[in-house]
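This report describes a protein structure for a reader who is new to the subject. Please keep the sequence and the model in view while reading.

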Amino acid sequence: MSVIGYGLAVLGAGVGIGLAAFGAATGTARQPEVRSNLFQIFILGAAFVEALALIGFVLALIK
Amino acid sequence: MEAFKQLSAGIDHFISTLLSQTIYGNDLVGITQYHFYIALGIILLFVFVFAGVKKLELVPKGRFVNIFESIFEYIQNSVVYDVLGPQGRKHLPFLMTLFFFILINNLVGNIPGMKPGTGTIGVTLALATISFIYFIVVGVKSQGVFGYLKSLAPKGLNPIITFVIWLIELFSTALRLITLAVRLFANLFAGHIIIAAFALLTSLFFIPLLQQFTLGNLVGAIPSIAWLAILVFIWALEIVVSVIQAFVFTILSAVYIQIAEEAH
C-alpha cells in the first residue's frame, strides 16, 4: 500500500524535475552563454522538488 | 518465478546490513561500521590532499594537482562566488570542507563492498545541523538576534499578514534541517538498495547454471547479462549522483547563508 502511495507521490516530483530540465534546456538553446548559471538554477530547483519525493521514500520505508 | 521470490528476501537482508552495526565494543561505547567508513573516507581525503600539496608550485604541473585544483575552482566560482558574491570568501573554508567531506564519503560507497559514510541518517543529520547552526549564527552576527528573526518576513505589509508569513517562514526554516539531512541520506540509501537489487538479480539468475550445467539453466541464465548491463549503468549513475549530492548540499548551504546574510 505504501509503495503504491509512494509511486503516486513520485509522479509529481517527476513532472517537477521534468519542468525544471525543460526550462534549463530551452534557456540554453536560446542563450548558450548563460549555460553555467542555468545549470546551477536547474540543480537547485531539482533539489527542492526531489526533497519531497525523498521524504515520501523514507515514509514508505518507515510505514 | 523462484529468483524474484529470493530477491525480496535478499533485499530485506541487505537493508538490515545497512543499519548501524557495532563491529567493536558494545552499543553504548563502540565502533560501528559507519565510523569505520567515515574514518576510511577521511584518511583517503588526507592522502589525496597531501599527495596534491606535496610539492607546491606556482604553476602546478602534476595531473593529480590539476584535477584537485579544477574541482576546487569550480566549487569556488560556481557555488561560493556566484551565490554569495565577493564577500563570500569568508565562508569559503566552511563550504569547501563540507563539499570535500561529503564527496569523499559518497564516493567511498561506490567501491564494491563498501557502504557510504553518509548513507546513514545520523551522519547526515549531524552535517545538516552543522550547516543549520552555521547559517543561523551568520544571520545573527550580521543582523542581531531580533534583526534576524524579523528579517524572516518581508517588510511593508499589513501586520497580521506579516505575522502569518513570519510563522510560515519560521516553519520552513526549521524544515531546512530535515530536508538537508533526508535528501543526502535518502539518495545514497536508495541508490545503494537499487545497486544491490540488480547485483542480486544477476547472481540469482546465474546460480542455477553453476550448480548444474543443463540447457534449461543455460537459457535461464541469459537475462543475467541484461541485469549486469543495467547494474553497470546504475553504478555509473550512482557515481554521478554522489558528486551531484555533494554539490547540492554545498550550494544549498551557500544559499541559506546568503538568505540569512541579506536583510529583507
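Helices, of at least four residues, and strands, of at least two, are taken as DSSP runs and numbered from the N terminus. The model under discussion is predicted.

**Chain B as a whole**

In these terms, chain B contains nine helices and two strands. Their order along the sequence of chain B is α-β-β-α-α-α-α-α-α-α-α. Some overall values for chain B are collected below.

| Property of chain B | Value |
|---|---|
| Radius of gyration | 23 Å |
| Radius of gyration of a compact globule of 264 residues | near 18 Å |
| Span of the C-alpha trace along the principal axes | about 80 × 55 × 40 Å |

Of the 264 residues in chain B, 28% are classed as buried. When contacts in chain B between residues at least 6 apart in sequence are considered, 68% of them link residues at least 24 apart.

**The two strands**

How do strand 1 and strand 2 of chain B pair, and over how many bridges? Strand 1, residues 22-25 of chain B, pairs with strand 2 of chain B in the antiparallel sense, over three bridges. Within this pairing, B:T22 is placed opposite B:T32 of strand 2. The connection between strand 1 and strand 2 of chain B is a hairpin of four residues.

**Helix 2**

Helix 2 of chain B covers residues 33-52, which is 20 residues. From the first C-alpha to the last, helix 2 of chain B reaches 29 Å, close to the 28 Å expected at 1.5 Å a residue.

Which residues of helix 2 of chain B are buried? They are B:Y34, B:Y37, B:I38 and B:G41. Viewed down the axis of helix 2 of chain B, the buried residues fall within an arc of 100 degrees, and therefore they line one face of the helix. The face of helix 2 of chain B turned away from this buried side bears the exposed residues B:A39, B:I43, B:F46, B:V47 and B:F50.

The buried residues of helix 2 of chain B are covered by elements including strand 2 (30-32), helix 4 (92-108) and helix 5 (121-143) of chain B. Strand 2 of chain B thus has two roles in this account: it pairs with strand 1 of chain B, and it is among the elements that cover the buried residues of helix 2 of chain B.

**The contact between the chains**

Chain A contributes 11 residues that are in contact with 14 residues of chain B. Sorted by class, the side of chain A that touches chain B comprises eight nonpolar, two polar and one charged residues.

Definitions and conventions. Residues are numbered from 1 along each chain as its sequence is written. Chains are lettered from A and ligands numbered from 1 in the order in which they are written. This is a predicted model: local features need pLDDT of at least 70, side-chain atom pairs count only at pLDDT 80 or more; totals for chains, interfaces and linings use all residues. The radius of gyration is taken over C-alpha atoms; the globule rule is 2.2 Å times the number of residues to the power 0.38. A residue is buried if 20 or more other C-beta atoms lie within 10 Å of its own, exposed if 12 or fewer, and partly exposed in between; C-beta atoms are placed from the backbone. Two residues are in contact if their C-beta atoms, placed from the backbone, lie within 7 Å. Ala, Val, Leu, Ile, Met, Phe, Trp, Tyr, Cys and Pro count as nonpolar, Asp, Glu, Lys and Arg as charged, and the others, Gly among them, as polar. The expected span of a helix is 1.5 Å times one less than its number of residues. The arc is that of the directions from the helix axis to the C-beta atoms. Two strands pair if DSSP finds at least two bridges between them.
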